[in-house]
Each structure stands twice: as C-alpha cells, then as structure tokens.
Amino acid sequence: MAQKNTRLWREAQEAFPGGVNSPVRAFRGVGGSPRFFRSARGPHLTDVDGARYVDWVLSWGPHLLGHRHPKVEAAVLKAARDGLSFGAPHEGELRLSRILHKRLPWIGKLRFVCSGTEAVMTALRLARAATSRDLILKFNGAYHGHHDSLLVKAGSGVATLGLPDSPGVPGALAALTLLAEYNDLDQVRQMFQRQGSRIAAIIVEPCSGNMGVVPPQPGFLAGLRELTRKHGALLIYDEVMTGFRVHPGGAVAAYGVEPDLVTLGKVVGGGLPAAALAGSAKLLDLLAPAGSVYQAGTLSGSPLAMAAGAALLENLDATTWKRAEAAAARCAEGLEEAAKAEGIPLTIQRAGTMFTPFFTAEPVRSAKDLARADAKAYGKFFHGLLSRGVYAPPSAYEAWFSSSAHGPAIIAKTLAAARAAFQDLGRARPKR
Ligand SMILES: *Cc1c(COP(=O)(O)O)cnc(C)c1O
C-alpha cells in the first residue's frame, strides 16, 4: 500500500479505537488496511496517494446521484454562506418536509433529527408511549442503529466482529427486545400469541439491507401489518437505508403495505447528518412540545443537511432514479455471469438501487441463511476488486449502492475487475 496511507493508518490506530470512528470502516471483515480518501466526484473516490476507485459504497448509501452532484453541492454552499446553524426554525426544514410529504403521501407529520440511530430511538420511545407497552420485536440480522434497546443480533458491523450483542447494554433493556427471524411470519405470529398484549411495536427494515439485501417474501409485510393491528401494536419501517433506494416512493410504494411510523436517514441528508421520523399527525403530536414524549436536538434540521437532502431529492426524478436502478441491475447481472464463468457459486439479491452478492448457490431469506455464504471468498474478491480500482463494501453482509452517475463505462470497469478477481478466486479453489 502506498506511503501516505500507511502513515495515516498508523497514526489513526493511535488516535481512534481500532483506527476508525465507525467499526465497519476498519476492514476487519475483509482483512487489510482501510483506504484514506481525499476527494470524490460522481462515481469515483480518490485516495490520499492519488489512486482512483469506482465507489459502490457511496458513504453507505446517501449519494444516490453520485458524489458532489452539482445541484447538491451548490445548495450546500449557498446554505453555508447564509449561516451554518440557527438553533431556531428556518425555511429549509419546510422545503425538505414538503418534498417528503409528496413522496410519502401517507405521512401526516415528521421530525428531523441528526442520525438514523436517533430517529429509531425516538420511534421506539414514541411507540412505547403510544401503546403504554415495553416490548419491541426486531429481526435477527437487522441493524437499527447503535442505541441500547436494539443492539441485539444486529447485522453486518456486529456480525462481522462476531459479537452477539454489546457489553454495556443492560440486560434489563435487552430483555425488552424480542428477536424473530426475518421472513418467518409463523414465528412472529407465535410471539404475538404468547405476549401480544405486551408488544409495543415491530421494527423492521421493509427490505432488509443490513445482513445484505434480503427482500421481504410475498405476504411477510402484510402479515406483520395484520398481526400488529390485531394486537394493538405499531408497525415501524426502518427505512434509513432503503428510503428512496428500493423505490422513489419508499417501501410503501414498493410493497403496498403502510406502517404506522417510518424512520429515514442516509439519502434524506444527501451526505450530511440528517434523518427523520414520520407518521400520522396524531402519533407525531405525542412528541414535545405538542405532547409529553421528550426529544430534542441542538443541530436538528441543520440548514446544510436540509439543503443537501432537498437538492438531492429534487433532482431525483424518474429518469435519474431509473438510471441508478439500471446501473445496479447491470452490475448485478454482470457479476452473476462473471462468477458463473469461473464456476463460483454466487447469488445476487437486488432491490432497486441496492444489491448484495452472496457467495452461496442458495437464496438468502434470513440471517440464518448467512452461515451458508462464504465470507472468506468475499474478502478475497473484495481485495481483488480494490487492487483493480473498485471500492466495494468491506463486509460480506452489506449492500452495494449504485447512483445515477454509474454509467456504462463505470459498469464495464467494475465488471472487468470482477472477472479478473473471480479468475483469481477460481484458480485458488480446489478442483472437484
Ligand atoms: C444506517 C442505519 C441506521 C443507523 O443510522 P445512523 O445514521 O448510522 O445512525 C439505522 N437503521 C438502518 C436500517 C440503517 O441502515
């Protein structure tokens, strides 16, 4: 690895736990040392030693129009010149809220916060307050942020590190979290039969993204809706990752089942720290100061983040969204073909503009199926790509994200690198 990167990585390991400020960045899931980046544009990242990479991570999802889309950049710069933060209402909040109301016509009100973690944390508090119940049902392998209640069997970052949950999470809180397998409606039904009157909410990624992309089986979301209604619990969609990536109108447009609450993040902030919590006016009005459920944030509704999110979503029309989706589809198909040519078992699961190549011949329907996927092979594939200028997620259980800036030349470059990386893998495999 080039000189400056080596030096910075050494210093970072002295400065930060594990060298990073968010665990998956440390490359523990694939081995080797992470790259330090200096700049980005469109579908590309440039590292501190000047090497350029095609980026399929896109800051873990937000850059649906590519890095530094001119309209997004201009909006942020203008907002910065007007004032970084007021700690008071401003029109930028309304601009982004109007866009979200148009895209999600089923919502009544929303609240902006600074991170997906915060949005989910607030959604749970709201659900517990609204139902006067304590239990939350989540799915194995689903990551909903790093707050205490949901750090139980929480997907990629946690799975990669092999931690079943985290020390420091009080057992009393973890005990309020029920765990079911994604796509296993029967199991959820049984849990509701046993203690339905104590369950405040189900929280679900409508299309799972944090154990890799695992779409809902037909009837799964409708079944969750029916059970929650019947037992007086709320249904919360965590769309922090899927929001506007599985469909330009969100999961409700994609799957036709309405939740009570939705959390948004990533794309909504356009690459800056913003997230939101939305639902009926009646539910949202339980939040202070309209209601008594407390939630606050010094930098909530940050003018820069509101401007970035609004500019991104204003420029995410049917054409740009379809372009991003086509890029994901072509890349997924190409990867599947390239693996097949080398006799490497690979199953690609895609939802809109996100997909995951699982190194297994069988479909993945829940976290239980992940055991079949060959994470070591993914690690080798990852480094095969990286050394050829393609930056994929540094974990076998993450989604790859496309953007409208991922044109045909970018797909071709990615697939050429993938063919070579698969050939290396094919050569290393024992012949049967
Ligand atoms: C990323 C993510 C979160 C956490 O969002 P942060 O902004 O990282 O706190 C929560 N839920 C889902 C589904 C996510 O993908």
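# A walk through the predicted model

Start with helix H4: it is mostly covered, with twelve of its 16 residues buried (buried means under 20% relative accessible area, exposed over 50% and partly exposed in between, using a 1.4 Å probe and protein chains only). Before you click further, note that this is a predicted model, where local features need pLDDT of at least 70 and side-chain atom pairs count only at pLDDT 80 or more, while totals for chains, interfaces and linings use all residues. Residues are numbered from 1 along each chain as its sequence is written, and side-chain values use heavy atoms, with hydrogens and water left out.

**Stop 1: helix H4**

Select residues 116-131 to light up H4. Helices (H or I, at least four residues) and strands (E, at least two) are DSSP runs, numbered from the N terminus. The buried set in H4 includes Gly 116, Glu 118, Val 120, Leu 124, Leu 126 and Arg 128. The end C-alpha atoms of H4 are 22 Å apart, in agreement with the 22 Å that its 16 residues should span at 1.5 Å a residue (the expected span is 1.5 Å times one less than the number of residues). Step past the helix and you reach Ser 132, with a positive phi near 55°.

**Stop 2: helix H11**

Now go to residues 303-314, which are H11. How many of the twelve residues of H11 are buried? Eleven are, so H11 is largely enclosed by the rest of the structure. Among the buried ones are Pro 303, Met 306, Gly 309, Leu 312 and Leu 313. Show H2, helix H3 (91-103) and strand E4 (109-113) as well, since what covers the buried residues of H11 includes these elements. End to end, H11 reaches 16 Å from its first C-alpha to its last, close to the 16 Å expected.

While you are here, back up to Pro 289, in the loop between helix H10 (281-284) and H11. The peptide bond leading into Pro 289 from Ala 288 is cis, with omega near 5°.

**Stop 3: two helices side by side**

Select H7 (residues 185-195) and H8 (residues 220-231), which pack at an angle of about 5° with their axes 10 Å apart. Axes here are lines fitted to C-alpha atoms, for helices over the stretch in contact, and angles run from 0 to 180 degrees between N-to-C directions. That makes H7 roughly parallel to H8 (angles under 35 degrees count as roughly parallel, over 145 as roughly antiparallel, 65 to 115 as roughly perpendicular and the rest as oblique). Turn on side chains for Leu 185, Val 188, Arg 189 and Phe 192 of H7, then for H8 residues including Phe 220, Leu 224, Leu 227 and His 231, to see who makes the contact (contact means heavy atoms within 4.5 Å). By class, the H7 and H8 contact has six nonpolar, three polar and one charged residues.

**Stop 4: helix H13**

Jump to residues 375-386, helix H13. At its N-terminal end, Asp 374 acts as a cap, with a side-chain oxygen 3.2 Å from the backbone nitrogen of Lys 376. Tyr 378, Phe 381, Phe 382 and Leu 385 are among the buried residues of H13. Those buried residues pack against strand E3 (52-55), helix H12 (318-341), strand E12 (354-358), strand E13 (390-391), E14 and H14.

**Stop 5: Ser 403 and its company**

Next, pick Ser 403, in the loop between strand E14 (400-401) and helix H14 (408-428). Is Ser 403 buried or exposed? Buried, with a relative accessible area of 0%. Its side chain joins that of His 406 in a polar contact of 2.8 Å (a pair of N or O atoms within 3.5 Å; within protein, one must be able to donate a hydrogen and the other to accept it, and residues adjacent in sequence count only if both atoms are side-chain atoms). A polar atom of the Ser 403 side chain also lies 2.9 Å from the backbone nitrogen of Ala 405. Leaving out residues up to four places away in sequence, Ser 403 touches Leu 58, His 63, Leu 64, Leu 65, Gly 66, Ala 324 and Ala 327.

Follow that list to Leu 58, in the loop between E3 and helix H2 (70-82). Leu 58 has a positive phi of about 50° although it is not a glycine, and is buried at 0% relative accessible area. Arg 68 is found in the loop between E3 and H2 and has a positive phi of about 55°, but Arg 68 is partly exposed, at 39%.

**Last stop: Pro 408**

Finish on Pro 408 in helix H14, which is exposed with a relative accessible area of 65%. Draw a distance from its C-alpha to that of Cys 331: the two are 77 residues apart along the chain and separated by 9.5 Å.

Note on methods
Nonpolar A, V, L, I, M, F, W, Y, C, P; charged D, E, K, R; others polar.
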